[in-house]
Amino acid sequence: TQQIEPLVDVTEEAFDRVLDVNLKASMFVAQAVARVQIATGRGGRQVHLLSVRAQLGMRDRGYSAYCSSKGGLALLVKQHAVELARHGINVNGVAPTVVRTPMANDWLADAEIHRKLIERIPLGRIAEVDDVSGPVLFFLSSAANFITGQVLYVDGGITATQ
């Protein structure tokens, strides 16, 4: 979740709400899953969904809570990966840019915002759901057996340019 508020206007309540959904919920869902995975003794996988905002700030937008929650989640992926590795549990993350979903409809419906998004993305298009689900499935597959603690930026090249 996100709440766009300029830094000077952010309230503690709004900041907490975003961190609760984006970071705290991820922490405790991961903990619950890890407890079951450890108890079964069969190892497993955990894949978190982040955002390019885990690595990049957002110019001219009030994204303090959102960016810090996603940045915190990027480090949580690494921490959980090293803690759970001895149990055969791999922990990774997928961090997309804007994806064509209902959450992005308002941005994509605005021709000017849509144009600016496309200009920023080197591949020249908006991410589709399949662009994100593919990397998630990769992390869940045996092809990722030796990968843990990584965040894959599914962003059409944005993080390569900034």
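# Notebook: a three-strand sheet and what packs around it

I started with the sheet: it is open, has 3 strands in the order β1-β2-β3, and its pairing is parallel. Note to self: this is a predicted model.

Next I looked at the edges. β1 and β3 stand there with a single partner strand each, so one side of each has no neighbour in the sheet. I also looked up the twist: neighbouring strands are turned by 20° against each other on average, ignoring direction. Then I checked what lies against the sheet, and found α2 packing on it, in touch with β1, β2 and β3. The direction of α2 makes about 160° with that of β2.

**Strand pairing**

How many bridges join β1 to β2? I found 6, with β1 covering residues 44-49 and the two strands running parallel. As a landmark I picked Gly44, which stands opposite Ile89 in β2. On to β3, residues 151-154: this strand pairs with β2 over 4 bridges, again in the parallel sense. Here my landmark is Gly93, whose bridge partner in β3 is Val151. I also noted that β1, α2 and β2 make a β-α-β unit, and that this unit is right-handed.

**The middle strand**

Is β2 enclosed or open to the outside? I went through the strand, and 8 of its 8 residues are buried, so β2 is largely enclosed by the rest of the structure. The cut-off I used for buried is under 20% relative accessible area. I then split β2 by face: Ile89, Val91, Gly93 and Ala95 are on one side, Asn90, Asn92, Val94 and Pro96 are on the other, and both faces are covered.

**Cores**

A reminder I wrote in the margin: nonpolar side chains tend to be buried together in soluble globular proteins. The largest nonpolar core here has 13 residues. Leu50, Ala74, Val77, Leu84, Val91 and Val151 are the ones with the most contacts inside this core. I asked myself which elements supply at least two residues each. They are α2 (64-84) and β2 (89-96). The largest share, 6 residues, comes from α2.

Apart from this core I found another one, of 12 residues, with Tyr63, Val98, Trp107 and Ile126 among them.

I came back to Val151, since I had already met this residue as the partner of Gly93. Leaving out residues up to four places away in sequence, Val151 touches Leu50, Ala74, Val77, Gly93 and Ala95.

**Aromatic pairs**

My last search turned up 2 aromatic pairs. Tyr63 and Tyr66 make an edge-to-face pair, with 5.6 Å centre to centre and 80° between the planes. Both Tyr63 and Tyr66 are buried.

How are the rings of Phe138 and Phe139 arranged? Their centres are 5.5 Å apart and their planes are at 45°, so I wrote this pair down as tilted. I then checked whether each ring's residue is buried or exposed. Phe138 is partly exposed, because its relative accessible area is 32%. Phe139 comes out at 3% relative accessibility, so I count this residue as buried.

Key
Residues are numbered from 1 along each chain as its sequence is written. This is a predicted model: local features need pLDDT of at least 70, side-chain atom pairs count only at pLDDT 80 or more; totals for chains, interfaces and linings use all residues. Side-chain values use heavy atoms; hydrogens and water are left out. A nonpolar core is a set of buried Ala, Val, Leu, Ile, Met, Phe, Trp, Tyr and Cys residues joined through side-chain atoms within 4.5 Å. Buried means under 20% relative accessible area, exposed over 50%, partly exposed in between (1.4 Å probe, protein chains only). Contact means heavy atoms within 4.5 Å. Rings of Phe, Tyr and Trp (its six-membered ring) pair if their centres lie within 6.5 Å; planes under 30 degrees apart count as stacked, over 60 as edge-to-face and the rest as tilted. Two strands pair if DSSP finds at least two bridges between them. A crossover is right-handed if, with the strands pointing away from the viewer, the path from the first strand over the helix to the second runs clockwise. Axes are lines fitted to C-alpha atoms, for helices over the stretch in contact, and angles run from 0 to 180 degrees between N-to-C directions.
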